[in-house]
Each structure stands twice: as C-alpha cells, then as structure tokens.
Amino acid sequence: MLFFQGSGTKGLLNAVGPAFFRLYGGYTTTYGDLCWPAGLEATRLTLGENKHSAPWDLAHSKLIIFWGKNPAETNIHQMPFAEQALQNGARLIVVDPRRTETAERAELLIQPRPGSDGAIALAAAHVLFRDGLVDDGFVRRHLRGHEEYRRRVRDCTPEWAEGISGVPASAIERLAAEMGTVRPATISAGYGMQRYTNSGQAMRAIIALLALTGNIGRVGAGWQFANLQSAIFDEVKDPLALYPPEKPDGVARVSISTARLGRDMLKTDDPPLKMMWVERGNPVTQNPETNKVLQAIRQLDFRVVVDQFLTDTARQADLILPSKTMFEQSDVIGAYWHPYIQLKQKVIDPPGQVKPESEVYRLLAQRLDLPADQVAEAIPGPGDADVERWLESRLAPFETLSLARLRQGPVLAPGHQEVAFEDLVFSTPSGKIEILSEEAAQRWGVDPLPDWSEAQESTRRKSAASSSFPLYFMTPNTKNRIHSQFNNLRMIRRHSPAPELSMSPLDAAPRQIRPGSLVRVFNDRGWLEVKVRFEPSILPGCVSMTNGWWISEGGTVNFLSAGRETDMGHGAAFHDNLVEVERAERIPPKAAKAQGSEKKRFTDYTK
Ligand SMILES: Nc1nc2c(c(=O)[nH]1)N[C@H]1C(S)=C(S)[C@@H](COP(=O)(O)OP(=O)(O)OC[C@H]3O[C@@H](n4cnc5c(=O)[nH]c(N)nc54)[C@H](O)[C@@H]3O)O[C@H]1N2
Ligand SMILES: Nc1nc2c(c(=O)[nH]1)N[C@H]1C(S)=C(S)[C@@H](COP(=O)(O)OP(=O)(O)OC[C@H]3O[C@@H](n4cnc5c(=O)[nH]c(N)nc54)[C@H](O)[C@@H]3O)O[C@H]1N2
Ligand SMILES: [Mo]
C-alpha cells in the first residue's frame, strides 16, 4: 500500500493519516518533496537551519534581490514590504529568464540561461574578492572556508560566467558592485530556480554572497528562502528527518522517491505495490513524468483518492472519497514565510456525506479492529469538540499556545527571532557559516565548496537530447491558481481559459510559428498541443507554460518533465527539461469541436 500525500492543505491534522497507516501495519511512503528540498538543504548546510527574518524586515533593506522568485504572483503579501523599501530608496534587482511582473519594478533584470545561476554567483564572488568588497571582519569571525573559496573563484571571471549564462559580464559586475557597496542587502530566493540537477550547489553559491558581504544577522539583511520558525510541531526543520528509509518506529516501511514517483512505483517489488491511497495531492499532473505516473497508477489493483474534486488523479481511482474543504474542519497551521501560528476555524459543516479525513480514518480503524486505545490516542473523535481536544493536546507542550489564545488572533511561534541569526549562532558542525562543508560532500557527493557544473539537460552539452530538443521548458506558477487548483472556478477560467505556451518571436520565426497558432511541444518523454503566445521579453531559447493545468483542461506540463532528483535534498528537477516546438499542422476535428464547448473540455481524456 502506497500512502501518498500532496501539499493541498496543511495543518496539524495532516498527521492523522500517517498515524492511521502505522497502526494499520505499515505502508510504503515517499521521501523527498516536489517543492523546495535543494534550497532547504543548501541553507541548512550553510547556515545550520532554515529560518529567515520576519517578513516586515524587508522594508529596512537597501538592496533587494529577487533571485529566481516571482513574488508579484506567488507571494503577493511580500510586495508591500518591497514597496516600502523602494520608497525609502532601496534598489531592486531581479534574476529570472522571464521578465516577470516582479521585474517591472527592478532597476536591473538579469536573464540567465536556465540552470546557470551558480556560475553568476561564483563570478560575483570573484568580483567581491578582486575589488576588496568583502567584509573582512565579519568573514574572519563567522565564516568557514573563505580562503578556499577565494582560490576557487579566482578564475571565475564575469567573462567566464557570461560564456556560460549568456548574461553580459557588465551586468554581473554591476550585481557584484551593488552587493559589495549597498547595505543592508536581502536576497529573497525562489523555488523555481532550485529545481535543476545543479541547483543545491547554486543556492550555496548565492548564500555565500551574503556571507562575504556581512549581510547575515542584521536588520534589513539576509537570506530569505524558507522561514520554518513556525514549524514547531514536526520534524520538517531537519530536512533529513523527512527521508525515513529506516524504520524509526519499528514499523515495516518502504520509501520511494517523490521525484521519481512513477519509475519507483513500477520498480518496487519487495513487496510489489498493489494499492495506493492519495490525499491532498494531484500527482498525475504535479509529479514529474506524467506518463510513467499514469502507467504506475494504472497497474495497481486498487486506488483510493481523497479529494474535493474530480481531478486527473481522482479519475484514475476505483474509489473516490469526497474530502472536506479547509472551511469545514478546524486546524492549527504554521507557515513557511511568516512566523505565526494560527487557528483556522471551521466555518461550515461539510456537505452531504462528506467526511473530514480524520473521520474517514476513525471509521476505517473501527472496521479494521485496530487497537482502540491507540486509535483514540492518534485520531480525534467524531465531533468538533473532539477535534478541538485533539488540537489542544498538540498545543499543550507550548506555554504560549492554546486554542483560547489562538482564537484571539495569530501568535508568534515560540522562540521566534525577528532578525534571523541576530545572535550569530549557526548550528553547523563548525558553528560558523559554512562555505566549505564536508557534510555536503559526504551526504550528497558534491564538492565541499560551491561550484558550478552543467545541469543534466543543457543546450551546452553535446548530447542527442540537446540537438533534438534545443529549448528550455519552464513551468512557473501563476497568480491565477495554486498549482492544480481553482481552474474549475468560472471566474478564473474567464481570465485564463486554456493553457498557452509563451515563446520568443525569435524562436518562433525559424519554426514558421505564428502568434495564436496551435503548436506541439515535445521531447522523448511526451508531448502537448497548446496555443502559442508571443512574449518578446522571455529569454530566447526558453519557452514557458504555467504548471497546474489538468490533462482534461488541455494538458499537464509534466508529460515533458523527467523523474529525476536535484543534486541535494531529494527534490524534483522539473526544470531540467529540454523540448522542441513545432507547428501542429492539423487540428484533429474532435479537439477542434471540444475547444468551443467548456463542457467538452472537461470530458474524459482517458478514451
Ligand atoms: N512542472 C512543474 N511541476 C510542479 C511544479 C513546477 O513548478 N513545475 N511545482 C511543484 C510544487 S512547488 C508543488 S508544491 C506541487 C503541488 O502539487 P500538489 O501537492 O499535488 O498540490 P495541488 O496541485 O495544489 O493539489 C492539491 C489537491 O489537494 C486537494 N485538497 C485541497 N484541500 C484538501 C483537503 O483538505 N483534503 C484533501 N483530501 N484534499 C484537499 C485539492 O482539491 C487538489 O486536488 O507541484 C509541483 N509540480
Ligand atoms: N498564486 C500562487 N502563489 C503560489 C503558488 C501558486 O501555485 N500560485 N504556489 C506556492 C508554492 S507551493 C511555491 S513552491 C511558491 C513558488 O514561488 P516562486 O519560486 O516565486 O515561483 P516559481 O514560478 O516556481 O519560480 C519563480 C521564478 O523562477 C524562474 N526560474 C526558472 N528557472 C530559473 C533559473 O534557472 N534561474 C533563475 N534565476 N530563475 C529561474 C521562473 O521563470 C519563475 O519566474 O509559490 C507559492 N505561491
Ligand atoms: Mo511548492
């Protein structure tokens, strides 16, 4: 039995599922994560833990770099703080192959070839050393490995990085000069750019820029990737605790890679998988290599999907259990950006026969005759008061937390640091910021210093793939939805009725592709047919389509991505993904008809 949970809704009650399956007698689980592990691990190795300053601290920054992050769409609540800083005279740099809405306010937009950020960061460090812009006092006291790093980047000139990234050496000089002279500086890094096979190392090189310039532990300064200060209830703070191939609780458990879900499911034979339980996720559209995922799901004997909607994954199920929505059961939630613990209060009963997951598990446990005392400990009873009692017991270890207190409003997580690392205490093996990390080398087989190597799928590699598929396929997020959710809302569909491929006119011309025409995006893993939209500002050589579209809505981007892991953290290297685009000569008559009618677009694609 594979128990698979996605990121749909988070809260303390999510722990009930795994608790049930442990009592049930063991299960196959997944390790790694689709979202952020390369960056989490790079941060942990360098700074000791994943935390950052309070969101509002950004307003004190004089230099903000949004590096591979598009908060104007994906973290809109961050933008007012950036705006405040700008009004106080701060400067804004954006590093992104696309000219995003975030870049509208930037004085400098750096558009790297995808997967080349590490080279840019090494070259910026070269300039900092070369021009004496390193904060020597800070470096001597708090860094480990700066001398080794100085030697490492000696030949990494801006011209060298230009050859790799396509970014003009002058722009890299300017990035480094601003980092070396404008203080305090914050780098807010996104998740999109750490989904390559070389990106853990790139993230380490970017953090090093802040460390070399003394921009850690100070007001308005620092590294913003993930603020796990509110993650006080579980193990998420230690990324390694998320990968449980062992048997920590003595229960037989097999663990397979989330990034390689389809491939690993097909390979699992001790014991072979017979059944799958999916909850809060839509792996058919969101996990890499959709064709493999579909194949693996279809060969099972039995599939259960717990979801609010008839998603592509639910369409594969033998049994669909309609789930509650976040409004239909109280829960306690943290965050990964702000530092608050909050009560999410139930506002309405679930409709019809819908049961919250906790209730599904409780009834199942009864039916299966699982030990009643252990079930009562792990799973709340049926009523709202039972759920509240269960939540209260989870809050009990924390002096400042109780439901009564949370009912009055959000509470800062216990131990929260407003300016992260203000005490300059780093829980790394050396107690310093580790630019040189033996742990990185031991655990992940990478160079102990940040370095740069070509991502696996790269147009600069001489390989069959790079000659047949010369375009980078980027699959960012959009303000119009959360991943695969919300396109069933008519008001959202009105804004974005169907998937589109953004393409530079410079790439379209040699392929005789006209704006608005239907094109086929393909590689040796799969293909899609979508309309093309000209985007003059996207870096030529890159095409882009937002992720989250269902197959039944016009095609998921993950037909094209590969099931493979990032260099560290067991993340998913979605963006290591080369494709070719061609005119789709004929529209099959059926598809043409379906385009006119909303109803038909949502009909069964499996036929
Ligand atoms: N190519 C490509 N693929 C990507 C990404 C990318 O950038 N490019 N991004 C990746 C990232 S960062 C992420 S986080 C993942 C997200 O992928 P998933 O983790 O699969 O999350 P969602 O697509 O948001 O789907 C969540 C599902 O949970 C359901 N749901 C919501 N609330 C509840 C609930 O209370 N109970 C139950 N049972 N179900 C509920 C929703 O209806 C929805 O079907 O996608 C990843 N996939
Ligand atoms: N509205 C909305 N908000 C969301 C979400 C959503 O689905 N919708 N999802 C939430 C989740 S789960 C996540 S993980 C976050 C993600 O938040 P972000 O990280 O901001 O979003 P992404 O679109 O994944 O990636 C950001 C940017 O990285 C760029 N990028 C891709 N490759 C490279 C590269 O090689 N180098 C550089 N420098 N940039 C590159 C992309 O062009 C993109 O603009 O957003 C969260 N917020
Ligand atoms: Mo994510």
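Biologist: I'd like to start with strands. In which sense do strand 3 and strand 7 (residues 185-189) pair, and over how many bridges?

Modeller: Strands of a sheet pair through backbone hydrogen bonds, either parallel or antiparallel. Here strand 3 and strand 7 go together in the parallel sense, over 5 bridges. Strands are DSSP runs of E with at least two residues, helices are runs of H or I with at least four, and both are numbered from the N terminus. Two strands count as paired if DSSP finds at least two bridges between them. One matched pair to look for is Ile-64 opposite Thr-186 in strand 7.

Biologist: Before we go on, what sort of model is this?

Modeller: It's a predicted model, in which local features need pLDDT of at least 70 and side-chain atom pairs count only at pLDDT 80 or more, while totals for chains, interfaces and linings use all residues. Residues are numbered from 1 along each chain as its sequence is written, chains are lettered from A and ligands numbered from 1 in the order in which they are written, and side-chain values use heavy atoms, with hydrogens and water left out.

Biologist: Back to strand 3, then. Which residue in strand 4 is the bridge partner of Leu-63?

Modeller: That's Arg-91. Strand 4 (residues 91-95) also pairs with strand 3 in the parallel sense, over 5 bridges.

Biologist: Are the faces of strand 3 covered or uncovered?

Modeller: In a regular strand the side chains alternate between the two faces of the sheet. In strand 3, Leu-63, Ile-65 and Trp-67 sit on one side, with Ile-64 and Phe-66 on the other, and all of them are buried. Buried means under 20% relative accessible area, exposed means over 50%, and partly exposed is in between (1.4 Å probe, protein chains only). Since 5 of the 5 residues of strand 3 (residues 63-67) are buried, this strand is largely enclosed by the rest of the structure.

Biologist: And how are strands 13, 14 and 15 arranged?

Modeller: They form an open sheet in the order 13-14-15, with antiparallel pairing. Strand 13 (331-333) and strand 15 (411-412) are the edge strands, each pairing on one side only. Strand 14 (residues 340-344) is joined to strand 15 by 2 bridges, and Tyr-340 stands opposite Leu-412.

Biologist: Now the interior. Which residues touch the most other members of the largest nonpolar core?

Modeller: A nonpolar core is a set of buried Ala, Val, Leu, Ile, Met, Phe, Trp, Tyr and Cys residues joined through side-chain atoms within 4.5 Å. The largest one here has 71 residues, and Ile-65, Trp-67, Tyr-149, Leu-212, Trp-223 and Phe-225 touch the most other members. Helix 5 (residues 117-130) gives the most to this core, with 10 residues. Apart from it lies another core, of 37 residues, including Met-276 and Leu-501.

Biologist: What does Trp-223 touch, beyond its neighbours in sequence?

Modeller: Contact means heavy atoms within 4.5 Å. Leaving aside residues within four places in sequence, the contacts of Trp-223 include Thr-43, His-52, Ile-187, Met-203 and Leu-210.

Biologist: Where is Thr-213 found?

Modeller: Look in the loop between helix 10 (199-212) and strand 8 (222-224). Thr-213 is buried, with a relative accessible area of 0%. A polar atom of the Thr-213 side chain lies 2.8 Å from the backbone oxygen of Leu-209. Beyond four places in sequence, Thr-213 is in contact with residues including Leu-128, Asp-135 and Arg-183.

Biologist: On to the ligands. How many residues surround ligand 1?

Modeller: A residue counts if one of its heavy atoms lies within 4 Å of the molecule. For ligand 1 there are 28, and the closest are Ser-7, Thr-9, Asp-307, Glu-357 and Ser-484. An oxygen atom of ligand 1 is 3.0 Å from a side-chain N or O atom of Arg-195, and a nitrogen atom of ligand 1 is 2.9 Å from one in Thr-475. The protein covers 96% of the 920 Å² of accessible area that ligand 1 has on its own. Such areas come from the Shrake-Rupley method with a 1.4 Å probe; for residues, only the protein chains shown count as cover.

Biologist: And which residues are closest to ligand 2?

Modeller: Thr-74, Asp-96, Asp-117, Tyr-191 and Arg-481, out of 31 that surround it. An oxygen atom of ligand 2 is 2.7 Å from an N or O atom in the Thr-74 side chain. Arg-195 turns up again, with a polar side-chain atom 3.4 Å from an oxygen atom of ligand 2. The protein covers 94% of the 900 Å² of accessible area that ligand 2 has on its own.

Methods
A polar contact is a pair of N or O atoms within 3.5 Å; within protein, one must be able to donate a hydrogen and the other to accept it, and residues adjacent in sequence count only if both atoms are side-chain atoms.
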